[in-house]
Amino acid sequence: SDVWPVFAAGLISRATTTLRSLVDLGPGSQGLDAATLSRSLYEHVVHLAWLGAEPSPARMERWRKDDLVKRAKADDHARKLGHAFMTNAARASLDEQIASMAGGKLVLADMAAEADRHWGGRLPEFARPADMGSFWGQYAVFYRQYSATAHPSYMGLNQVVEDVDASRKRVIVENRS
């Protein structure tokens, strides 16, 4: 069966609820959280564009396999800690599925570039796939730059630390407006 329409609708649904959360934050408030949500929204949109560029069974299988491999890694980690995310039978079934599928690890930057090659020239906004308006160009902002807010980093924490004087700093809490 053709699963593309279902997954496309699911990706659009996730992107819509993420965008709603961004709007709920409001302008000028909790910018770090907005950046983190923007990064997540970007990932969903790139996946939608990449899959939509070629919603073939082979591409859908590659996407699915990448997901299953990540689930297996999560289960491996949990099992090392004495817990499992799935039963042994479910895990065996997962491993069988992975072994029967084609494809390797998906890399978001590569997916963005592939989406640009397909959508560039087809949509006015993507007339020049190598600029900041392209999926690959937006990767620099929404994925690389906002990684500093999505993960604990020196750069991300600088946004909540202010200088009091030459030898003292203050940590501020972002407030909702």
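**Figure 1. Contacts of aspartate 66 in the predicted model.** Leaving aside residues up to four places away in sequence, aspartate 66 touches Gly104, Lys105 and Leu106 in this predicted model. Aspartate 66 itself is found in helix H3, which spans residues 57–80, and one of the residues that it touches, Leu106, also offers its backbone nitrogen, which the side chain of aspartate 66 reaches at 3.1 Å. Because its relative accessible area is 7%, under the 20% limit, aspartate 66 counts as buried.

**Figure 2. Surroundings of histidine 47 in helix H2.** Histidine 47 is found in helix H2, whose residues are 31–53. The side chain of histidine 47 reaches the backbone oxygen of glutamate 43, and the distance between them is 2.8 Å. When residues up to four places away in sequence are not counted, the residues that histidine 47 touches are Leu11, Trp63, Leu108 and Met111; among them, Trp63 lies within the range of helix H3 (residues 57–80), while Leu108 and Met111 fall within helix H5 (108–119). Histidine 47 has a relative accessibility of 17% and therefore counts as buried, the limit being under 20%.

**Figure 3. Buried residues of helix H6 and their cover.** Helix H6 comprises residues 135–145, and its buried residues include Phe135, Gly137 and Tyr139. Which helices are included in what covers the buried residues of H6? The cover includes helix H2 (31–53) and helix H5 (108–119), and the former is the helix in which histidine 47 is found.

**Figure 4. Two positions along helix H1.** Alanine 8 has its place in helix H1, which runs over residues 4–25, and isoleucine 12 is likewise placed in helix H1. Are these positions buried or exposed to some degree? Alanine 8 has a relative accessibility of 10% and so counts as buried, being under 20%, whereas isoleucine 12, at 44%, counts as partly exposed because that value lies between the limits of 20% and 50%. As a general point, an α-helix has 3.6 residues a turn, so residues three or four places apart point the same way.

**Figure 5. Distances from helix H1 to positions further along the chain.** Alanine 8 and tyrosine 42 are 34 residues apart along the chain, and their C-alpha atoms are separated by 15 Å. For isoleucine 12 and leucine 94, which are 82 residues apart in sequence, the distance from C-alpha to C-alpha is 26 Å.

**Figure 6. The whole chain as the setting for the close-ups.** The secondary structure of the protein comes to eight helices and two strands, and from the N terminus on the elements run α-α-α-α-α-α-α-α-β-β. The C-alpha atoms fill a box of roughly 60 × 50 × 25 Å along the principal axes, and the radius of gyration of the protein is 20 Å, whereas a compact globule of 177 residues would have one near 16 Å. Of the contacts with a separation of 6 or more, 57% are accounted for by residues 24 or more positions apart. Buried residues make up 32% of the 177 residues, and the accessible surface comes to about 11200 Å², with 58% of it belonging to carbon and sulfur atoms. The protein carries 22 positive and 21 negative charges, and the mean positions of these two groups are 2 Å apart.

Technical notes. Residues are numbered from 1 along each chain as its sequence is written. This is a predicted model: local features need pLDDT of at least 70, side-chain atom pairs count only at pLDDT 80 or more; totals for chains, interfaces and linings use all residues. Side-chain values use heavy atoms; hydrogens and water are left out. Helices (H or I, at least four residues) and strands (E, at least two) are DSSP runs, numbered from the N terminus. Buried means under 20% relative accessible area, exposed over 50%, partly exposed in between (1.4 Å probe, protein chains only). A polar contact is a pair of N or O atoms within 3.5 Å; within protein, one must be able to donate a hydrogen and the other to accept it, and residues adjacent in sequence count only if both atoms are side-chain atoms. Contact means heavy atoms within 4.5 Å. The radius of gyration is taken over C-alpha atoms; the globule rule is 2.2 Å times the number of residues to the power 0.38. Accessible areas come from the Shrake-Rupley method with a 1.4 Å probe; for residues, only the protein chains shown count as cover. Lys and Arg count as positive and Asp and Glu as negative; His and the chain ends are not counted. The place of a charge is taken as NZ of Lys, CZ of Arg, CG of Asp or CD of Glu.
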